[in-house]
Amino acid sequence: MELEYSADHEAFRRMLRAFLENNRARAPRMRTFASGVVDPALLGWQKLLIEHGYAARGVPREYGGAGADPDPLIATIIAEEFAQARLSRGVSGQGLDMLVPTLLEHGSEEQKRRYVPPTVRGEMLWCQGYSEPGAGSDLASLRTRGRVEGDTLVMDGQKIWTSTAQFAQMMFALVRTEADAPKHAGISYVLVPMDTPGITVRPLKTMTGEAEFNEVFFDAVRVPLENLVGKRGEGWKIANTTLRHERNMLGSASTSVKLFESARSTMRENRVDGRPALENPVLRGRLMALQAKTLAMKCHAMRLLTCQLRGEAAGVAGLVTKLNGCQLNFDLAGLAIDALGEAGILYRGGAQSSEATRWQFHYMFQLGLIIGGGTAQIQKNIIAERGLGMPREPRPAVPDPDAR
Amino acid sequence: MDFGLSEEQRLLDATLRRLLEEKLPLARVRQVSAESEDGVDEAAWRALAELGVVGCLIPEKQGGSAGTLLDAVVVATALGHGCAPLPFLGSAVLAPILFDALGSPAQQDEWLPRLAAGRARVAVALSECVERRDDAGLRLEAGRLHGSARFVVDSAGADVFLAPAGAACFLLPASAPGLELRPMPTIDRSRRLSELTFDGVAADEPLAGDAAPGEVAAAIARALDAARVVLAADIVGSCDRALELSVAYALTREQFGRKIGSFQAVKHICAEMAAALEPARSLLWYAAHAFDALPAEAALSATLCKAHLSEVGRDLLRSATEVHGGIGFTDECDLQLWFKRVGLDRQLLGGPERLYAHAAELQHLSS
Ligand SMILES: Cc1cc2nc3c(=O)[nH]c(=O)nc-3n(C[C@H](O)[C@H](O)[C@H](O)COP(=O)(O)OP(=O)(O)OC[C@H]3O[C@@H](n4cnc5c(N)ncnc54)[C@H](O)[C@@H]3O)c2cc1C
C-alpha cells in the first residue's frame with residue numbers, strides 16, 4: 001500500500017492547481033445537463049484545457065487532443081482537482097466520453113479525422129441511439145432496419161430514451177443490417193447526421209418536468225455506407241465498447257462525494273426548531289452511514305484504478321460500481337429531502353425556491369440513472385453471472401448470450 | 001374479535017371508486033393539476049358531498065354523516081388511489097375536528113353545514129405546531145397576528161383559515177386585510193400548499209373564546225393524529241395503485257422473448273411491494289379504530305402508522321418505477337403522479353424521523 005503519488009505526479013498536481021487558480025475567471029458556469037445552447041465560454045475553456053493537456057488528454061494530437069500517454073493516475077488527479085476547485089472540466093457528454101474512445105479503437109482513419117476533432121472541441125454534440133421501444137434491457141433485439149442500397153444505408157425504425165437528441169448534430173446508432181443473421185450478429189454501428197431528411201425528433205417530458213430525453217423516428221433515412229463503424233454485422237461488439245465507457249461514467253464516486261457534501265451543507269444550513277438539522281441524531285446517523293458508503297466507493301475507485309495500472313482483472317469488484325453508486329446518490333437525495341422536512345417537497349417555481357427545491361430533482365434524476373444505462377436488475381444479473389459464475393435464469397425462450 | 005372493514009365501508013369504497021373513475025379520470029386529474037388555479041375539481045367535490053363523504057366527520061345535526069375515522073380512511077384510501085385533486089384533508093378532516101372540538105355553537109352552525117355540503121373550504125395552518133423551519137411562525141401582538149405559516153395544505157381557494165397562535169386558535173377570513181397567500185409549488189400538483197403571511201391581521205375571532213388552558217393544544221394534537229392517519233390512508237391508496245400498475249406492466253412488457261413478470265427479479269420486487277403493503281394496511285385500520293375507540297392507543301398508533309406508511313410508500317413507489325424501466329421515468333407514465341403524491345404525503349405534518357421522535361416522547365422513552 002502506498003497512497004502517496006510520485007513526485008512527478010505531485011508536481012503535475014501543483015501545476016494544475018496553479019493553472020486553475022490563475023484561470024478561474026475564464027471558466028464557464030457549470031450546468032447539470034446540456035441545454036442545446038453552445039456556450040462560447042465553454043468552447044474557449046475547452047480549447048485552453050486541451051492546450052494544457054487537461055481535457056481530451058489521451059486523444060492523439062492529430063485528432064485534436066492533447067496527445068499525452070495514457071496515465072490513469074493523471075486522469076484521477078485531473079478529476080480530483082477540477083472537483084475540488086468546483087470548475088467545469090470542459091466539454092463532456094456522450095460524444096466525448098463514449099463515442100470518441102470507441103472511434104479511436106474501431107473507427108477508420110477518415111472517421112477519426114472527420115469526427116473526433118470537432119467533438120473534442122465541443123462543436124459537435126452526439127446522442128446515443130441504442131434503446132428502442134421493444135429493446136431496452138434486451139438491447140440486442142433492436143429492430144431499426146438498415147437496408148443497404150449500393151453505397152447507401154437506408155434506415156427505418158425508431159429509437160427511444162435518446163438523451164440530448166434534440167440538440168445533437170450527430171447520433172451513433174445501432175441498426176439491424178442482416179435480417180436473417182442471429183440476433184447479435186445482425187447489428188451494425190452507424191454514425192448518423194441528425195439533419196438527414198427523414199429524421200424526426202420528439203422530446204419526451206420526464207417526471208422531473210424537463211425533456212431529458214427523446215424519441216427519434218427514422219423514415220427512409222439515407223446515410224452513406226462509409227458511416228458504418230467497423231464491419232457490417234459487427235456492431236454489437238463495438239457497442240459494447242461504448243457501453244463499457246457508459247458504465248464507468250454512471251455511479252462514479254466523484255458524483256457521490258459532491259452530493260454527500262451538498263447534503264451535509266443542506267443539513268447544516270437548515271434549522272428545525274431553531275437548531276441545524278445536523279444536530280438531529282437520527283438524521284446525523286443516516287448521514288454518517290452514507291458517508292461511510294461514499295468513502296467506500298471512493299476507496300473502491302482507487303482499487304479499480306490500481307487494477308488498471310497493474311493490468312490486473314478486477315473480477316467481480318469491477319462490476320459493482322454502477323449498482324452501488326447510483327443507489328448511494330439516490331439515498332443521499334432522499335436523506336436531504338427528509339432533513340428538510342416539509343420544505344423537502346418544494347419544487348422549483350415558487351418565490352421560496354432555493355437549494356431546497358434542488359433535492360427533489362436529484363431524487364428523481366438519480367432514480368432515472370438507476371434505470372438508465374442498464375437497470376439495477378440487469379446489473380445484478382451481470383454481477384451474479386459474469387462475476388460469480390452463476391447460471392442464467394432458466395427460460396422458456398431461446399437463450400440469450402448477452403444482456404445489456 | 002372482528003378486525004376489518006364493515007359491509008357498509010366496503011360498499012362505500014366501491015361506490016366511491018366508481019364515482020372517482022367517472023368524475024375524475026386521470027386525464028381530468030392531469031388537467032386540473034396543470035390548469036386550475038386552486039387545484040381542486042369543484043364538481044367532483046360537490047359530488048362527494050352529495051354522497052355524504054365530505055361530511056363524514058361532521059355531526060348529523062350539522063348535515064354530516066357522523067362517521068368514524070375509519071370511514072374517513074376508506075374515503076382517503078380511495079382518493080389516494082385516484083390521485084384526486086380534492087381538499088379532503090383540510091376541509092373534511094382538520095377543519096371539522098377543530099370546529100367540533102373548539103368551536104362555539106354559533107361557529108359550528110355557521111361552518112359545519114357548509115363544509116359538509118362542500119360549499120365552503122377551510123384550511124388549517126398546523127405546520128409550525130409540528131416543527132418550525134427557519135423563522136416561520138405566528139406572533140400575537142395586541143390582538144394582531146404577525147409572521148408566517150407555511151405549508152398550509154388545501155389552502156388555495158379556501159374561504160377561511162384556522163391558525164393557532166399563542167394559546168388560541170383563530171378563525172381568519174381569506175380576505176382579511178394584511179393576510180396574504182403565496183403558493184408554495186411542490187412536486188405534487190394534485191394538492192396545493194401555500195405560505196400565509198400575516199402583517200398585523202386582526203385576530204378577533206378565536207375558536208373557543210372561553211377554552212380552558214390546554215384545551216386548544218389538546219384539540220390540535222387530536223387533529224394532527226387524525227390528519228396523520230388520513231395521510232397514511234392516502235399513501236395506502238397510492239401504493240395500491242402503484243402495485244396494480246406494476247403488476248399489469250410486468251404482465252404485458254416483454255424482453256428477451258418473455259414477460260418481464262416471469263423474471264424472478266421482477267416477480268420478487270412485486271412480491272416485496274405486496275408484502276410490505278398488506279401489514280401496513282392493517283396498521284392503518286387499527287390506527288383509525290384506535291382514534292375513535294382506544295384513547296390510550298390513539299396518539300401512538302397514529303404516529304407510528306404515518307411514519308411506517310411513509311417508509312413503505314417511498315420504497316414502494318421507487319420499486320414500481322423500476323419495474324416500469326425507462327417508461328417509469330416519463331411524465332407520460334401515470335405512475336409518476338403517485339410517486340409525487342406519496343412524496344408529499346411523506347413529508348407533510350411530520351416525516352418518519354419527526355414521528356419516531358414523537359412516538360418515543362409519547363411513551364416517555366426519550367430524555
Ligand atoms: C434517464 C435515462 C436516460 C437514458 N438515456 C439513453 C440514451 O441516451 N440512449 C439510449 O439508447 N438509451 C437511453 N436510456 C435507456 C435505458 O438504457 C433503458 O431504459 C434501460 O436499458 C432499460 O430498458 P427499458 O426501459 O426498455 O426497460 P425494460 O428492459 O423493459 O425493463 C423493465 C423491467 O424489467 C426488468 N428486466 C428486464 N429484463 C430483465 C432480466 N433479464 N432479468 C431481470 N429483470 C429484467 C428491468 O430491470 C426493469 O425492472 C436512458 C434511460 C433513462 C432512464
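These questions and answers cover the contact between chains A and B, then the domains and one sheet of chain B.

This is a predicted model: local features need pLDDT of at least 70, side-chain atom pairs count only at pLDDT 80 or more, and totals for chains, interfaces and linings use all residues. Residues are numbered from 1 along each chain as its sequence is written, chains are lettered from A and ligands numbered from 1 in the order written, and side-chain values use heavy atoms, leaving out hydrogens and water.

Colleague: How much area do chain A and chain B bury between them?

Modeller: Contact means heavy atoms within 4.5 Å. By that rule, 59 residues of chain A and 48 residues of chain B take part. Buried area is the accessible area (1.4 Å probe) that two parts lose on being put together, summed over both. Carbon and sulfur atoms hold 57% of it, and the total is about 4500 Å².

Colleague: Which residue of chain B forms a salt bridge with A:R286?

Modeller: A salt bridge is a side-chain nitrogen of Lys or Arg within 4 Å of a carboxyl oxygen of Asp or Glu. Between chain A and chain B there are 6. For A:R286, the closest N and O atoms are 2.4 Å apart, and the partner is B:E353.

Colleague: How far apart are the C-alpha centres of domain 2 and domain 3 of chain B?

Modeller: The bounds come from an automatic or database domain assignment. In chain B it gives domain 1 (7–116), domain 2 (122–211) and domain 3 (214–366). The C-alpha centres of domain 2 and domain 3 of chain B are separated by 28 Å.

Colleague: How many salt bridges cross between domain 2 and domain 3 of chain B?

Modeller: These two domains of chain B bury about 1400 Å² between them, 73% of it on carbon and sulfur atoms. B:D345 pairs with B:R191 in a salt bridge, with closest N and O atoms 2.7 Å apart. Across the interface of domain 2 and domain 3 of chain B, the number of salt bridges is 3.

Colleague: Which strands stand at the edges of the open sheet in chain B?

Modeller: Strands (E, at least two residues) are DSSP runs, numbered from the N terminus; two of them pair if DSSP finds at least two bridges between them. Here 4 strands of chain B form an open sheet with mixed pairing, in the order β1-β4-β5-β8. Two strands have a single partner each, so one side of each lacks a neighbour in the sheet: β1 (122–124) and β8 (206–207) of chain B.

Colleague: Which residue in β4(B) stands opposite B:A123?

Modeller: β1(B) and β4 (residues 160–165) of chain B run parallel, joined by 3 bridges. Opposite B:A123, in β4(B), stands B:F161.
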